[in-house]
Amino acid sequence: MNEPPLNPRLGRSLETPVAGEIVRAFVPPPLPPKPDIDVLQLLDRLSLAERALGRLDGITTLLPRQELFLYMYVRKEAVLSSQIEGTQSTLTDLLRFETEAAAGEPIDDIREVSNYVDAMMYGLERLQELPLSLRLIREMHERLLQSGRGGTKNPGEFRRSQNWIGGSRPGNALFVPPPVTEMDACLDALERFMHERDSKLPALIKAGLLHVQFETIHPFLDGNGRIGRLLVTLYLCVNDVLRKPLLYLSLYLKTHRADYYRLLQEVRQYGNWEAWLDFFLTGVAETANQAFDAATRIVDLFKTDRERITAESDRPGSALRIHDLFQQNPFLTATQAVQNTGLSAPTVNAALADLERLGIVIEITGRRRRRVFSYQRYLAIISEGTDPIPIMT
């Protein structure tokens, strides 16, 4: 039986059968919310977020190698977003996996993170030829679950069965998303809101609304959280709020996950969009400021180390070329250095020994053969906040 909403922001509650139980599923009203969002009470937060994003955009123009900073930030976001979903992999695991520098890590966890990198980069590239749309979301989802534990969860397909969030069964679930019979209409309204201009809402506000609506619809059997977080960055890029896709909220949401889940529920139960948007805009500002700070420290680190190599190395030419490789990935083997620079093996080994003597890199395996070197101070900056969420026992 349908329950009429108490106000237009609350949507509808429907009784629906799931796994032998009758549960109440929630059907959200279309965006934008009615009554309208009180943008005035959010102006201070919005202004801080926009200024922080502008500062972040500005520092990227000063980076000597923008693509390297983006390369690392995409991977950091992949690790953090996957940790929210329960993986235990770290950024170190992923980077060593990608360079085939180590074996024995929990391979399923690393594969999931690697798939996320692939889905993210695919989505950013496809935006050059395809609008932000349900089609693009499905294509990214297919890449996200292309292998590993999600491979049986219909990659690239919207669900055709009822799902639920939290709880051991539908009857004690924290939240039950729209039934399949209502989901297509919800998704169609979501796609139309992505492109509407009549509401004249700022892009940052719309990004926050889109994220919650997508999470509420929960249109996939798996991977909704990761796609929903990625949707924020894609939307801001499409609408020229960001020139480079450098804003990723997973560290903020991981740090404040209890508030995050509570505020999602408050939107669904009470229509409290303003509280969510206040939290979201605070997260945008904090995240952009953290990225700006990290970019500044990375630029300073590279500059300082290059100056030390030039002044103190016995072979500055080859050592600088190896240092350049370490900027692309803080893990490196001598074989990879030979392959990527064209330098001879003796020259590479001598340059690595020089960088180790200067304290710029360290050898981390303790082996005599197949040694792995790490640019630890660089890794420390980009890894901040990426320790796995402890498993509750």
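**Entry 1: terms and overview**

Helices in these notes are DSSP runs of at least four residues, numbered from the N terminus. I keep in mind throughout that I am looking at a predicted model. I began with the whole protein and found 15 helices and five strands, and I noted that buried residues make up 54% of its 393 residues. I then looked up how far apart in sequence the contacting residues lie: of the contacts with a separation of 6 or more, 66% are between residues 24 or more positions apart. For the surface I noted an exposed area of about 17700 Å², of which carbon and sulfur atoms supply 51%.

**Entry 2: Thr 216 and what follows it**

I turned next to Thr 216, which I located in helix α7, a helix that covers residues 203-217. Is Thr 216 buried or exposed? Its relative accessibility is 2%, and because buried means under 20%, I count Thr 216 as buried. Setting aside residues up to four places away in sequence, I listed what Thr 216 touches: Phe 26, Pro 28, Phe 175, Pro 177, Pro 178 and Arg 268. With Arg 268 there is also a polar contact between the two side chains, at 2.9 Å.

I went on to His 218, which belongs to the loop between α7 and α8 (224-238). I noted its phi near 50 degrees, a positive value in a residue other than glycine, and I recorded that His 218 is buried, with a relative accessibility of 13%.

**Entry 3: Gln 265**

I found Gln 265 in helix α10, which spans residues 257-270. I count Gln 265 as buried, since its relative accessibility is 10%. Apart from neighbours within four places in sequence, Gln 265 is in contact with Leu 174 and Phe 175. I also checked the distance to Phe 175, and although 90 residues separate the pair along the chain, their C-alpha atoms are 8.1 Å apart.

**Entry 4: helix α12 and a sheet**

I looked up helix α12, residues 316-328, whose 13 residues reach 19 Å from the first C-alpha to the last, close to the 18 Å expected at 1.5 Å a residue. Its buried residues are Ser 318, Ala 319, Leu 320, Ile 322, His 323, Leu 325, Phe 326 and Gln 327. I then asked which strands α12 lies across. They are β3 and β5, and the helix runs at about 130 degrees to β3.

These strands led me to an open sheet of three strands, in the order β3-β5-β4, with antiparallel pairing. Its edge strands are β3 (331-333) and β4 (362-363), each of which pairs on one side only. I traced the pairing of β4 with β5 (residues 372-374), which is antiparallel and runs over two bridges, and I noted that Glu 363 has Phe 373 of β5 as its bridge partner.

**Entry 5: backbone details in loops**

Where do the cis peptide bonds that I looked up occur? One joins Leu 31 and Pro 32, with omega about 0 degrees, and Pro 32 is in the loop between β2 (21-27) and α1 (43-60). Another runs from Lys 34 to Pro 35, with omega near -5 degrees, and Pro 35 too is found in the loop between β2 and α1.

My last note is on Asp 240, in the loop between α8 and α9 (250-255). Its phi is near 60 degrees, a positive value in a residue other than glycine, and I recorded Asp 240 as exposed, because its relative accessible area is 66%.

Technical notes. Residues numbered from 1 in each chain as written. Predicted model: local features only at pLDDT ≥ 70, side-chain atom pairs only at ≥ 80, totals over all residues. Heavy atoms only, no water. Buried < 20%, exposed > 50% of the residue type's maximum accessible area, 1.4 Å probe, protein only. Polar contact = N/O pair within 3.5 Å; in protein donor to acceptor, adjacent residues only side chain to side chain. Contact = heavy atoms within 4.5 Å. Expected span 1.5 Å × (residues − 1). Pairing = 2+ DSSP bridges. Axes fitted to C-alpha atoms, helices over the stretch in contact; angles between N-to-C directions. Areas by Shrake-Rupley, 256 points an atom, 1.4 Å probe, with all protein chains shown as cover.
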